[in-house]
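Got the viewer open? Let's take a walk through the pockets, one selection at a time.

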Amino acid sequence: MSDKTSAVSIALVLALTAGGAIAATSAEKAIALRQAGYKEVGKSFKTINEELKKDAPDTKLIAKEARMMHGHSLSIPKWFPKGSGPESGLKTKAKADIWAEPAKFSDATKAFQTESQKLRVIAGKGDVEAIKLQVKATGASCGGCHTPFREK
Ligand code: HEC
């Protein structure tokens, strides 16, 4: 091996290593970001359900939590960059099907966006029975994504 080729191959190895490291870091960031986002969604949804068990639910609080959930739902399309799935070797419950079936995943995302938006609007009107029904529909949209796209 001439000095020139070994210099080139060393440069190549360094470039590949650096590229790999960058990819791993961004996958790690993406996973941390979405898990934190879903944690917030989970917290809001729990708060809403607990509020609804009370004799006089605070519908303003429910509307506020619904607004937060809807805000997160709009970010979901940015939470799943390629390379941040199970192939990253990192700890994630996201299934590879998210990237293999993007249209289906997008439909599941849109369903949640639609239901959480409806919940936000209905909660603002203060009718507890109507809110309960819409919370059910919203919960179904969580399941509509978790069942196909999240590991148990
Ligand atoms: C479009 C798909 C989708 C929708 C809709 C969705 N989720 Fe998830 N959720 C996921 C995926 C995928 C993960 C796993 C993320 C990971 O581990 O990288 C997840 C993870 C979570 C987590 C665990 C977060 C953590 O790591 O601690 C909670 C809690 C959660 N979701 C709650 C909800 C609730 C509540 C709803 C509905 C109000 C909902 N999700 C709607 C796909 C979805």
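Which atom of the ligand is 2.6 Å from an N or O atom in the side chain of Thr-92? Select Thr-92 and the ligand together: the partner is an oxygen atom of the ligand. That fits a polar contact, meaning a pair of N or O atoms within 3.5 Å (within protein, one must be able to donate a hydrogen and the other to accept it, and residues adjacent in sequence count only if both atoms are side-chain atoms).

Before moving on, some housekeeping. This is a predicted model, where local features need pLDDT of at least 70 and side-chain atom pairs count only at pLDDT 80 or more, while totals for chains, interfaces and linings use all residues. Residues are numbered from 1 along each chain as its sequence is written, and side-chain values use heavy atoms, with hydrogens and water left out.

Next, pick Gln-35, whose side chain has an N or O atom 2.8 Å from an oxygen atom of the ligand. Then go to His-146, in helix H5; helices here are DSSP runs (H or I, at least four residues), numbered from the N terminus. A side-chain N or O atom of His-146 is 2.8 Å from a nitrogen atom of the ligand. Now show the iron atom: its single donor from the protein is NE2 of His-146, 2.1 Å away. Donors are N, O and S atoms within 2.8 Å of the metal (3.2 Å for Na, K and Ca), and water is not among the atoms, so sites may look incomplete.

Widen the selection to residues with a heavy atom within 4 Å of the ligand. You should get 22 residues, with Arg-34, Thr-92, Cys-142, Cys-145 and His-146 the closest. H1 gives the largest share, seven residues. By class the shell has twelve nonpolar, six polar and four charged residues. Ala, Val, Leu, Ile, Met, Phe, Trp, Tyr, Cys and Pro count as nonpolar, Asp, Glu, Lys and Arg as charged, and the others, Gly among them, as polar.

Hide the ligand and look at the empty space, about 700 Å³ in the largest pocket. Lining it are 24 residues, and the closest to its centre are Arg-34, Gln-35, Tyr-38, His-146 and Arg-150. A pocket is an open set of points on a 1 Å grid over the protein atoms alone, where a 1.4 Å probe fits, with protein on both sides within 12 Å along at least five of seven lines; lining residues have an atom within 4 Å of a point. H1, H4 and H5 each supply at least two lining residues.

Last stop: the second largest pocket, about 170 Å³. Select its lining, including Pro-77, Lys-82, Trp-99, Phe-105 and Gln-113. H4 provides the largest share, six residues, and the lining divides into five nonpolar, three polar and two charged.

Methods:
Points joined across faces, edges and corners; volume = space filled by probe spheres on them.
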